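Colleague: I am new to this structure and would like a close look at one part of the interior. Please start from a single residue and work outwards from there.

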Amino acid sequence: MSQPNNPSPEELQQRLQDFLRRAMEGGGSGFAPQMEPEAEEGDEPPTEKKDAKVFDFPYTPKNIKAHLDRFVIKQDEAKKVLSIAVCDHYNAVRAANQKLAESETPPPYTKQNIIMLGPTGVGKTYLIKCLAELIGVPMVKADATKFTETGYVGGDVEDLVRDLVNQADGDAELAQYGIIYIDEIDKLAAPPNQQGGRDVSGRGVQTNLLKLMEDTDVPMRSQTDLQSQLQAAMEFQRRGGKYHKETISTRYILFIVSGAFEKLPEMVEKRLNRGEIGFKPEPTDLKEPEEILTEVATRDFIDYGLEPEFIGRLPVRVACNHLKVEDLFDIMQNSEGSLIRQYEAAFQAYGIEAMFTDDGLQAIAEQAAEEKTGARGLATVCERALRHFKFELPGSGIRQLVVNGEVVAKPDAE
């Protein structure tokens with residue numbers, strides 16, 4: 001039996017039908033109208049609440065990069081590109097709102113939406129998270145693979161905008177200046193010559209994202225969410241039949257997408273070498289994939305399977321670098337978000353002091369590099385090396401654990 005505080009979909013449906021029936025008996029249709037009626041005399045428009053952090057944007061690109069340097073190791077070019085794009089975006093937002101406050105027309109503005117390329121575990125998501133926290137705007141992160149074209153089972157891209165409102169604790173005004181980050185965007189790519197069948201998770205989702213990335217109004221309540229519609233109907237009744245259309249504008253929401261694009265370096269390299277028949281690069285001419293990606297062009301994304309209109313709305317492009325052993329060592333030793341701090345706290349909870357030596361960190365970094373998952377490999381290696389210690393040491397009376405190269409290489413023997 002369903003709990004009163006957690007009604008089943010069938011009970012919600014029945015409540016909605018009962019409410020609509022009562023509304024119709026009372027002379028009203030019971031449905032919240034889809035078109036916003038003209039404001040009646042005496043109706044006051046809702047007051048706009050502006051967030052000081054958004055409009056008093058005090059940062060410079062160097063300020064933002066210095067903040068990111070504290071948490072993310074390497075990726076200097078990505079930090080510079082993100083810092084410049086974010087400053088341009090929020091300075092334009094501030095200027096536009098100042099013009100509107102003075103009843104003037106804001107200057108034209110092309111949004112600096114960003115696409116980030118690079119392998120997993122190099123810090124793409126962490127960069128965006130640190131950015132949003134510094135600026136003081138809500139951020140929503142999602143994987144592109146969970147969305148489908150409207151009308152099919154799966155997520156609706158408009159839910160991303162509604163999630164921003166939830167992240168802003170219901171402050172719709174602040175949410176209009178948030179950041180939406182979509183990972184695994186390369187999974188939406190479809191071959192240009194694909195024929196037959198209905199593509200509900202590739203091109204269809206790209207098309208639906210287009211309107212969000214420009215300027216559109218998204219209803220605060222989903223038309224496919226029964227509970228949201230029930231709440232809207234109840235609010236309509238409480239207002240005495242007056243309806244205020246609640247929407248959130250995407251005009252100043254910054255969109256950042258990312259993906260591994262594993263086959264893209266090969267495509268770029270072929271394009272660069274096209275026409276040079278018989279050319280064989282010397283060993284000194286061979287480049288790393290991230291170096292090749294610095295030459296990526298719009299044509300390459302289209303050939304990969306992204307829609308021209310979609311990639312055209314992502315004017316800022318940057319490639320993240322693969323993390324080497326020395327980078328992983330630097331992350332553990334110097335990053336404020338280092339995984340080592342987490343393990344020190346975990347042992348400290350049992351009164352045990354965990355000490356990581358330099359050769360221990362070096363061994364962890366070397367094993368993590370072999371995992372080929374970037375910084376995520378650090379967690380895999382640490383868990384494998386320290387799981388027995390975390391099980392055996394609490395309550396044993398031991399008060400100190402020294403994690404050196406031997407412990408990491410042969411945890412069972414140690």
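**Around one isoleucine**

Modeller: Let us start with Ile256, which, leaving aside its neighbours within four places in sequence, is in contact (heavy atoms within 4.5 Å) with Leu82, Ile114, Met116, Ile128, Ile179, Ile180, Tyr181 and Ile182. Please keep in mind that this is a predicted model, where local features need pLDDT of at least 70 and side-chain atom pairs count only at pLDDT 80 or more, while totals for chains, interfaces and linings use all residues. Residues are numbered from 1 along each chain as its sequence is written, and side-chain values use heavy atoms, with hydrogens and water left out.

Ile256 belongs to the largest nonpolar core, a set of 64 residues. Such a core joins buried Ala, Val, Leu, Ile, Met, Phe, Trp, Tyr and Cys residues through side-chain atoms within 4.5 Å; buried means under 20% relative accessible area, exposed over 50%, and partly exposed in between (1.4 Å probe, protein chains only). The members that touch the most others are Met116, Ile128, Ile256, Phe347, Phe356 and Leu386. Helix H4 supplies the largest share of this core, nine residues. Another core, of 42 residues, lies apart from it, and Val161, Val165, Ile185 and Val205 are among its members.

Now meet a glycine from strand S6: Gly259. At 1% relative accessibility, Gly259 counts as buried. Beyond its neighbours within four places in sequence, Gly259 is in contact with Met116, Leu117, Gly118, Lys124, Asp183, Glu184, Ile185 and Asp186. One of these partners, Asp186, is 73 residues away from Gly259 in sequence, but the two are 5.2 Å apart in space, C-alpha to C-alpha.

Strand S6 also takes us to helix H8. S6 (254-259) is among the elements that cover the buried residues of H8, and so are helix H6 (158-167), strand S3, strand S4 (217-219) and helix H13 (308-312). H8 runs over residues 203-213 and is mostly covered, with eight of its 11 residues buried. These eight are Gly204, Val205, Gln206, Asn208, Leu209, Leu210, Leu212 and Met213.

Let us return to H4 and look at some rings. The structure holds six aromatic pairs, where rings of Phe, Tyr and Trp (its six-membered ring) pair if their centres lie within 6.5 Å, with planes under 30 degrees apart called stacked, over 60 edge-to-face and the rest tilted. Phe57 and Tyr59 make an edge-to-face pair, at 5.3 Å centre to centre and 75 degrees between the planes. Phe57 also pairs with Tyr90, this time stacked, at 5.7 Å and 25 degrees. That second pair links distant parts of the chain: Phe57 sits in the loop between helix H2 (52-55) and helix H3 (61-71), Tyr90 sits in H4 (residues 76-101), and they are 33 residues apart. Phe57 and Tyr90 are both buried, whereas Tyr59 is partly exposed, with a relative accessible area of 24%. Phe57, Tyr59 and Tyr90 form one aromatic cluster.

Finally, the wider setting. The protein has 18 helices and nine strands, taken as DSSP runs (helices H or I, at least four residues; strands E, at least two) and numbered from the N terminus. Of its 414 residues, 43% are buried. Among contacts between residues at least 6 apart in sequence, 77% join residues at least 24 apart.
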